[in-house]
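Student: Could you pick one part of this protein and go through it closely with me? I'd like to see how its pieces fit together, partner by partner.

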Amino acid sequence: MNQIKIGKFIADCRKQKNLTQMQLAEKLYITDKAISKWERGITMPDSSIMLELCDILGISVNELLIGEKINMENNNQKNEQLLLDMAKELEKKNKTIWSSMWAIMIISMTALIAGIFIAAFLIPEGVWQLVTILGICVVFLIPCFYALKLEVSVGAYKCKNCGYEIVPTYMQALNAMHRGTTRYLKCPNCKKRTWCKKVIKK
């Protein structure tokens with residue numbers, strides 16, 4: 001989706017309705033700064049107010065997301081293009097989340113090893129050395145839990161037995177044995193536990 005194009009379209013539709021940014025903002029119970037950000041292509045309207053915005057501007061959601069008026073003749077073609085664009089955007093976001101997850105894990109592992117090395121060689125043996133190492137391990141677990149949340153939020157785990165794509169809850173993934181991003185899960189389709197490999201859905 002082209003946010004600049006959508007922003008200009010929102011501005012044009014608003015002006016056609018003889019509304020100022022402030023007046024539109026009052027109708028939507030938001031600030032005029034939010035309207036300004038939409039129209040400059042910085043942000044997109046929140047999904048919770050999208051229908052109300054379209055109703056006020058006299059446009060459809062498809063027209064809003066495409067950033068132009070749709071003729072009935074090319075409506076199906078525009079709808080297909082919109083779905084393709086949204087699929088591409090979802091794929092891009094999934095890849096970004098996946099990359100972030102791996103970056104967090106690599107940085108955390110590096111920090112853990114460096115922290116333990118420093119504690120082992122620079123802090124004299126005794127209680128404080130043990131406390132420091134335990135503290136480093138606890139701090140290391142925090143980004144690990146967050147990285148797991150990112151891992152679960154994208155794609156699915158493919159059952160090795162029947163090929164069914166499992167989308168577990170955070171707790172199910174947390175409690176499952178794992179080898180990297182492959183987890184030992186119970187498949188709701190074939191009812192068997194197997195090593196399920198992570199797959200990123202497009």
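Tutor: Start with His178, whose bridge partner in E4 is Arg183. Keep in mind that this is a predicted model, where local features need pLDDT of at least 70, side-chain atom pairs count only at pLDDT 80 or more, and totals for chains, interfaces and linings use all residues. Residues are numbered from 1 along each chain as its sequence is written, and side-chain values use heavy atoms, with hydrogens and water left out.

The His178 pairing belongs to strand E3 (residues 178–179) and strand E4 (residues 182–186), which run antiparallel and are joined by 2 bridges. That's enough to call them paired, because DSSP has to find at least two bridges between two strands. Between E3 and E4 the hairpin has 2 residues, and Gly180 there takes a positive phi near 65°.

Now cross to the next neighbour. E4 also pairs with strand E5 (residues 193–199), again antiparallel, this time over 4 bridges. One match to look for is Tyr184, whose bridge partner in E5 is Trp195. This hairpin has 6 residues between E4 and E5, and Lys191 in the turn has a positive phi of about 65°. While you follow the chain along, it helps to recall that side chains in a regular strand alternate between the two faces of the sheet.

On to another pair: strand E1 (residues 156–158) joins E2 in the antiparallel sense over 2 bridges. Here Lys158 has Glu165 as its bridge partner in E2.

Put it all together and you get an open sheet of 5 strands in the order E2-E1-E5-E4-E3, with antiparallel pairing. At the edges are strand E2 (165–166) and E3, each pairing on one side only.

So where does this sheet fit in the whole chain? The protein chain has 8 helices and 5 strands (DSSP runs numbered from the N terminus: helices are H or I with at least four residues, strands are E with at least two). From the N terminus on, the elements run α-α-α-α-α-α-α-β-β-α-β-β-β. With a radius of gyration of 25 Å, well over the 17 Å that the globule rule gives for 202 residues, the protein chain is more spread out than a compact globule. (That radius is taken over C-alpha atoms, and the rule is 2.2 Å times the number of residues to the power 0.38.) Along its principal axes, the C-alpha trace spans about 75 × 45 × 25 Å.
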